Amino acid sequence: MEEELKNFIKVWFYAIISVSYCYYVSTRIKPGALRLLSVLPVIALFLFIPLFFSSVHFSGASAFFFTWLANFKLILFSFDKGPLYPLPQNLPRFIFFTCFPIKPQQNPKSQNQIPKWVFAIKVLIFGVLLHTYDYKQHLSFTTLLVIYSLHIYLELEILLMLVKVWVFMFLGCDLEPQSNEPYLATSLQDFWGRRWNLMVPAILRPAVYNPVQRIAEWKMSSDHARFLAVLATFLVSGAVHELIFYYINREMPTGEITWFFVLHGVCTAAEVVVKKRTFVGRWKMSPMVSRLLTVGFVVLTSGWLFFPPLIRGGMFVRLPNEALLFIDSVKHKFFTF
């Protein structure tokens, strides 16, 4: 743990210096290929940052924050697009909005704030969940799928909420929510586009979806172009997830996670097409049924394609162990009298 914390300090030192260079130097270069060329050394550095760590949490979080989101933001920034355009008004904001999965809230009145007690319940459930791993040899595969899905969701939710609170304390500005209760999704389009890990679609939409759709419309109909853009977006997401889990497990990708996102891309695109048909518009499914079908499809396909490489790599052994070790160290440091 001490070595990980030392590497954590080093990584943030390198990151702050690199992002400051982008703020003071790259912003003076005209948007386009030359500005992109100027940020390429930073992008290359951010590809290596997760290799500084050996723990699941540090390597996974750094891969998500730097290798994926920060790099995509910098690529978009090179063309005056994405969350870094218009340019944040000062260096601290530029650093925070580059390095963290956050963006300023555009219209606070339009967002429904989740009550604090809901977050407290999620933390409590997560604490109970960590101890269920002691009995996993007695649990069915279906039960384990639900536990793994809950673990991924709750841990990401808690991590992103802590980041949001920490950044708010420094910047004092309202931030967009990072998720919107994905277990309430009534369709795959709703799940991936409007509820799950919202910073990701906010990045992939201008970085992948819009350019692919625009180019494809030169050669095909708008419906076909939209289908191709959705598929390309999920394909890129799958490839980046493969890279992230390589950093965590240090094992060559098998392609299963990419196929998971390709499957969801095809199903999401097909869902969009089907919804446009007039006969579907007349038939309304109960929200409860559509939620069960959507979440059930996500969990079952995760058990088929998403979770197996993570289970083989021991991720669901290391995740709870690291979390419990961190909780015990906090208890020992702050609550021992």
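A cavity, as I use the word here, is a set of grid points where a 1.4 Å probe fits but cannot get out. I kept that in mind while browsing this predicted model.

**Cavity.** I looked for enclosed spaces of 30 Å³ or more and found 1 in the structure. The largest cavity holds about 30 Å³ of space. I then listed its lining: Tyr153, Leu156, Glu157, Ser179, Trp196 and Asn197. Sorted by class, that lining has 3 nonpolar, 2 polar and 1 charged residues.

**Helix H1.** Next I turned to H1, which runs over residues 2-24 and has 23 residues. From first C-alpha to last I get 33 Å, close to the 33 Å expected at 1.5 Å a residue. Which residues of H1 are buried? I noted Glu4, Asn7, Val11, Trp12, Ala15, Ser18, Val19, Ser20, Cys22 and Tyr23. A reminder to myself: an α-helix has 3.6 residues a turn, so residues three or four places apart point the same way. I also checked what covers the buried residues of H1, and the cover includes helices H2 (33-48), H3 (56-77) and H4 (91-99).

**Core.** The largest nonpolar core has 85 residues, and Phe46, Phe66, Trp68 and Phe100 touch the most other members. Helix H6 (residues 141-171) gives the largest share of this core, with 12 residues.

**Phe66.** I picked Phe66 for a closer look, leaving aside its neighbours within four places in sequence. Phe66 is in contact with Val11, Trp12 and Ala15, and these three are among the buried residues of H1. Its other contacts are Phe46, Ile49, Asn71 and Cys99. Happily, Phe46 was already in my notes as one of the core members that touch the most others.

Methods: Residues are numbered from 1 along each chain as its sequence is written. This is a predicted model: local features need pLDDT of at least 70, side-chain atom pairs count only at pLDDT 80 or more; totals for chains, interfaces and linings use all residues. Side-chain values use heavy atoms; hydrogens and water are left out. Helices (H or I, at least four residues) and strands (E, at least two) are DSSP runs, numbered from the N terminus. The expected span of a helix is 1.5 Å times one less than its number of residues. Buried means under 20% relative accessible area, exposed over 50%, partly exposed in between (1.4 Å probe, protein chains only). Contact means heavy atoms within 4.5 Å. On a 1 Å grid over the protein atoms alone, a cavity is a set of points where a 1.4 Å probe fits but cannot get out, and a pocket is an open set with protein on both sides within 12 Å along at least five of seven lines; lining residues have an atom within 4 Å of a point. Grid points are joined across faces, edges and corners, and a volume is the space filled by probe spheres set on the points. Ala, Val, Leu, Ile, Met, Phe, Trp, Tyr, Cys and Pro count as nonpolar, Asp, Glu, Lys and Arg as charged, and the others, Gly among them, as polar. A nonpolar core is a set of buried Ala, Val, Leu, Ile, Met, Phe, Trp, Tyr and Cys residues joined through side-chain atoms within 4.5 Å.
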